[in-house]
Amino acid sequence: MTMQRALDIFWSWVIKALAALALFALAFVVLFIVQEALPLFGEVPVADFLLGTRWMPVDFGTGTSFGVFNFIAGTVAVSLLALALAALVGLGAAMFLACAQSDLVRAVSYPFIDLLAGVPSVVYGFVGLLVVAQVFMAAGISTGLCIMAAAIVLAVMILPFLISSCSESLLAERNRFLLAAQTLGVSRWSAMATIVLPAATRNILLSLVLAIGRAMGETMAVMMVIGNANVFPTLLGKGETIPSVIALEMGTAVAGSLHYHALFAAGMVLMLVLLAINLLVSLLRNRLSQEGRRSVALGGYGGRRAGAVARIWAGASYALVVVAVLFLFGYVFWRGAHTISWEFLTQPPSGLVLGEEGGIAPAIAGSLAFTACAVVLGGIPAIACALYVSFYVRSRRMAGLIRLVVQCIAGIPSIILGLFAYSFLVRDLAWGRCVLSASTALAVMVMPFIEVRAEKAFSELPQAVVNASYALGCSRFHAIRTIVLPACKGELVSGVILGACYALGATAPLLFTGGVAFAGMPTSIMEPAMALPLHLYLLVAQGATSLDTAFGTACVMMALILASNAVATAYAHATQKDWRR
Amino acid sequence: MMQEQAAPAMQTVNLSVSYGRMRALEDVTISIPPQAITAIIGPSGCGKTTLLTCFNALIEEQPGVRVEGEVLLAGKSIGGMRRDLLRRRVGMVTQTPTPFPFSVYRNLTYGPRYYHMARKAQLDQLIREKLEMVGLYDEVRDDLHRSALALSGGQQQRLCIARALTVEPEVLLLDEPCSSLDVKATAKMEATLLDLKSTYTIIIVTHNIAQARRIADYALFLNGGRMVEMAPAKQLFEHPHEAPTRDFLSGAFG
Amino acid sequence: MKKHLAIAMSIVMLCMTISGCASSGTDGTADTETDVAATAEEASAATEDASATAEEEFQSSIMFCGSTSLYPIMSSLASSFTNEYETWDAVDASFPSKNVSIYVAPGGSGVGVSAAVDGTADFGMLARDIKDGEKAELGEGYQEFVVARDALTISVNANNPIVDVMDDMDIETIQKIFSGEYTTWDQVDPSLPHETINVYIRDLSGGAYEVFQKTVMGDTEISTNATQSASMTELATNIAGDEWAIGYAGYGAYIKANADGEKLVAMKVEGVEANEENIRNGSYVIQRPVMFVTGDEISASEQAFIDYIFSQVGYDTVVENGYIPAFTPES
């Protein structure tokens with residue numbers, strides 16, 4: 001046994017162990033949440049919990065009550081409404097992109113629209129509060145906070161996902177059928193409207209279902225705009241979602257109290273629903289690929305008129321999306337640019353009223369600390385998992401199962417990860433509030449994000465190339481080390497950077513686990529730290545006097561994200577060129 | 001023989017096509033005789049498909065392509081013609097069968113509906129007529145509403161031909177229509193084409209010399225984007241005029 | 001074979017962790033908390049040991065956690081303290097030269113107490129009185145430090161016609177408005193228009209909510225239609241932006257909101273006006289202490305910071321943030 005061979009075997013085991021760790025995380029989080037939720041049902045019958053409308057977790061003399069019906073209704077209402085809005089605009093924009101003749105339009109549009117995906121939830125809530133809510137207020141709704149406002153904000157948040165997955169499906173169908181339709185003399189748009197769109201229906205529906213899952217797990221943005229009242233949701237009325245309840249009341253509940261278990265139970269309900277959605281989609285996807293021989297119900301009707309309508313709809317939607325992106329970035333930069341100065345970036349906050357003077361340096365450093373930690377803790381298992389699925393797994397079923405598990409991890413709302421980290425790491429393991437506790441939650445959140453991208457990168461490498469290495473007798477790990485990793489370096493680094501951006505914008509997991517309102521520059525991972533999104537959230541809560549600083553903070557965050565996106569995309573492009581010559 | 005007195009169905013005059021700096025077709029001038037099968041043959045990459053897609057202006061759908069010269073349909077240049085009208089008159093069937101993801105019935109009514117060609121009652125008759133023309137009617141008559149995707153490869157390809165015929169073209173272009181079919185399906189396809197040629201002008205691109213020998217009335221040999229030789233099929237295959245043609249037919253390259 | 005091994009390993013790891021979790025789980029509150037508090041203290045002590053060299057017990061980092069009313073003040077003080085003395089030996093020559101690290105985490109009064117009890121923070125910040133049960137859980141070493149007093153004003157928007165009709169509300173009326181028994185303004189006084197009353201409150205598990213419930217509502221529940229705000233400033237801003245609003249804006253937030261012109265008008269409660277004098281002498285009943293508590297022994301470094309809090313700087317900070325200091329500065 002040579003040294004080389006021993007090392008190869010060792011590293012192969014490391015990869016497998018890390019992959020197993022990643023998957024184990026899901027099982028553990030789910031089981032933990034369930035375990036902490038169950039004691040509630042010893043005191044409160046399930047029916048009362050799910051159907052009751054009175055939520056009074058603290059006894060003020062009238063007894064306690066734990067009914068989450070209004071929260072469930074609120075979550076569903078906001079998500080469905082957001083989905084409807086996003087589907088209308090997103091599908092149109094996707095049509096536009098899929099129909100576009102030149103690849104350049106797509107090449108430019110995708111990263112542009114992806115910028116929306118990079119904007120942190122708390123910035124969405126912030127802009128929603130200042131713009132969307134104001135519009136509603138001007139229209140007569142008191143405070144402007146309502147279900148509709150939250151739905152609009154949420155719709156913009158899920159747009160990038162919808163657009164990219166729908167346009168992918170539409171593009172695939174377009175490549176199958178457009179040419180044939182054109183030989184009949186059918187115009188491009190007519191063909192898109194009457195053949196391509198109906199053909200892609202099933203995949204689009206699946207994307208919509210997945211998007212609902214994402215919408216339901218959103219915490220910060222919705223919480224800031226929805227009004228937070230325990231009432232049955234109405235369009236222009238207030239409501240409350242399960243993530244809001246958890247975020248607002250998590251730290252208050254005394255450990256082991258019924259309130260505590262009730263919050264876990266609410267989180268469990270949400271989590272199980274999302275898991276069910278993911279499982280459903282996965283099953284349908286498998287059935288779908290086997291059902292390629294069925295014909296599409298709707299389609300072939302409408303001819304020229306459908307084509308004309310589709311063109312207008314697609315064009316308008318695309319324009320709307322572009323406007324939304326420009327507005328979001330433009331507004332934040334316009335209002336915040338003047339706050340940014342060297343002092344702002346390098347000084348800690350100061351002033352008798354904190355935040356009025358000084359800067360946000362510890363928040364920037366803290367955010368970087370959280371992010372770096374999260375990416376290390378989450379990225380390594382993610383890449384290991386992707387390597388395992390791409391190169392080690394032999395049975396397709398196992399690969400499918402692992403992908404399903406990763407997708408389920410992705411479906412866990414970040415607030416629930418925060419809840420888990422708070423309960424297990426901060427309290428049970430007594431790590432206390434620190435960077436490590438928060439980063440672990442962030443790591444679980446970021447892991448599927450990086451894993452999916454890594455897998456995609458590995459799949460784009462032609463199998464023939466890897467096989468050539470095996471044919472020479474090289475071990476799997478050797479092939480990975482010498483061929484796969486260098487070849488996919490660009491995509492991997494890009495994926496990690498984007499994952500870091502994703503972690504950078506997360507607020508909910510930090511709330512009670514390691515983010516603080518004030519701290520010095522971070523010195524150790526066992527201490528807490530400030531973070532940009534949390535800082536923004538607290539500034540917004542402080543009100544009008546801190547708005548300038550809030551905008552400045554938002555600006556810094558957006559700038560960081562823009563820069564990272566640009567670097568990531570550019571690096572991926574550059575290294576790709578090298579490899580593909 | 002060669003001297004057909006009838007006006008050519010289609011012609012090209014000094015047709016050149018380039019993709020960027022690459023010349024796909026160079027100065028091609030040909031006449032396609034009507035109501036006959038003209039086979040375009042040549043080695044891989046010689047520009048057969050490019051030439052074919054010039055006939056129905058489908059070449060314009062490709063980005064970055066430049067077309068020079070003229071293409072005439074029944075004597076008139078297609079340059080100024082509305083594309084949908086052009087493609088009604090010049091139909092095309094691609095290499096792999098591409099039935100729309102609808103029922104057989106809806107695949108066939110798609111074109112006529114788009115052009116508001118016929119009312120519902122007439123559609124049924126139209127469909128039957130075209131299906132019989134391609135010899136598919138007996139095979140699908142029991143359930144016209146079943147999915148076209150459930151048909152076999154050969155049946156799908158014949159369906160595509162029938163679909164192309166529903167809009168009443170004058171010319172039918174076929175790009176290696178049998179390349180994804182087995183021997184039996186190929187035989188059926190060739191029989192269909194022979195039946196159709198009395199009504200339509202057929203231009204077929206094929207890499208299968210034997211097939212060209214079997215069904216073509218005229219043959220056109222392309223090489224390196226240039227037209228080398230065009231002649232009645234029998235003449236070209238048995239007594240080719242040009243040296244490259246001879247070399248190609250004898251299997252020296254291709 | 002390898003696949004099975006991997007699965008088996010996973011299951012074993014899973015079981016081990018679950019059982020570990022269960023044993024340190026949350027069944028039995030009191031026992032667990034002391035256990036956790038004990039391990040937390042050891043953990044935090046261990047952390048400090050890791051960075052300490054000769055001085056084993058010196059605490060160079062202090063953690064405050066809790067009330068959304070107090071954390072801005074404490075953050076400001078932490079910032080200025082850290083700015084002024086970067087290392088502990090600048091505070092007092094007998095201290096080692098370690099960096100000053102003071103952390104302030106928000107979350108609400110409830111969070112503050114929980115954190116102090118389970119040891120994840122050194123001090124819990126509260127904006128209400130401490131409950132007996134909580135005091136017991138903190139143990140015999142319980143100490144409280146009252147920094148300021150805050151009152152909950154019953155504020156309406158300055159444009160609400162009610163300000164011309166009355167300037168005083170009795171407890172009963174307030175109860176009826178906040179419980180949702182009165183839904184429109186004309187029910188409060190017939191001369192007012194028939195507009196919906198928009199009630200604004202703080203979040204359910206915060207200190208303000210509890211104080212209001214205890215001193216005003218008694219056994220009556222607050223209407224579920226009321227809008228919860230995450231902070232006093234937000235609450236005041238909401239009232240200022242809504243003509244038909246009413247809410248219990250904190251005194252400081254109320255003063256701040258009116259800094260650039262009158263936006264809010266505070267009603268007298270049972271004839272007593274909400275002003276500094278009445279708050280100090282206790283005649284304005286809807287008031288609450290703003291304080292921090294702990295159950296552990298105060299270390300030398302903590303004492304140094306506490307002295308700083310109760311100095312002139314602290315006094316000024318409290319006032320600047322809109323609260324009424326509950327102390328007179330020592331220096």
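**Helix packing, a chain contact and a sheet**

In this predicted model, A:Trp189, A:Ser190, A:Met192, A:Ala193 and A:Thr194 of α8(A) meet A:Gly303, A:Arg304, A:Ala306, A:Gly307, A:Ala310 and A:Arg311 of α13(A).

**Exercise 1.** Work out how α8(A) and α13(A) are oriented: roughly parallel or roughly perpendicular?

*Solution.* Start with the residue classes: this contact has 5 nonpolar, 4 polar and 2 charged residues. Next, take the geometry: the two helices pack at about 95 degrees, and their axes are 7 Å apart. Angles of 65 to 115 degrees count as roughly perpendicular, so α8(A) is roughly perpendicular to α13(A).

**Exercise 2.** Find which elements of chain A give two or more residues to the side that touches chain B, and say where the largest share comes from.

*Solution.* First, count up the contact: 24 residues come from chain A and 28 residues from chain B. On the chain A side, the elements to pick out are α7 (147-183), α8 (188-199) and α13 (303-336). The largest share, 6 residues, belongs to α7(A). Finally, sort that side of chain A by class: 8 nonpolar, 12 polar and 4 charged.

**Exercise 3.** Trace the open sheet in chain B and name its edge strands.

*Solution.* Go strand by strand: the order of the 6 strands is β6-β7-β8-β3-β9-β10, with mixed pairing. β6 (90-93) and β10 (226-232) of chain B each pair on one side only, which makes them the edges. Now zoom in on β3(B) and β9(B): they run parallel and are joined by 4 bridges. B:Ile41, for instance, has B:Phe221 in β9(B) as its bridge partner. Last, look at α6(B), residues 153-165: this helix lies across β6(B) and β7(B), at about 165 degrees to β6(B).

Notes. Residues are numbered from 1 along each chain as its sequence is written. Chains are lettered from A and ligands numbered from 1 in the order in which they are written. This is a predicted model: local features need pLDDT of at least 70, side-chain atom pairs count only at pLDDT 80 or more; totals for chains, interfaces and linings use all residues. Two residues are in contact if their C-beta atoms, placed from the backbone, lie within 7 Å. Ala, Val, Leu, Ile, Met, Phe, Trp, Tyr, Cys and Pro count as nonpolar, Asp, Glu, Lys and Arg as charged, and the others, Gly among them, as polar. Axes are lines fitted to C-alpha atoms, for helices over the stretch in contact, and angles run from 0 to 180 degrees between N-to-C directions. Angles under 35 degrees count as roughly parallel, over 145 as roughly antiparallel, 65 to 115 as roughly perpendicular and the rest as oblique. Two strands pair if DSSP finds at least two bridges between them.
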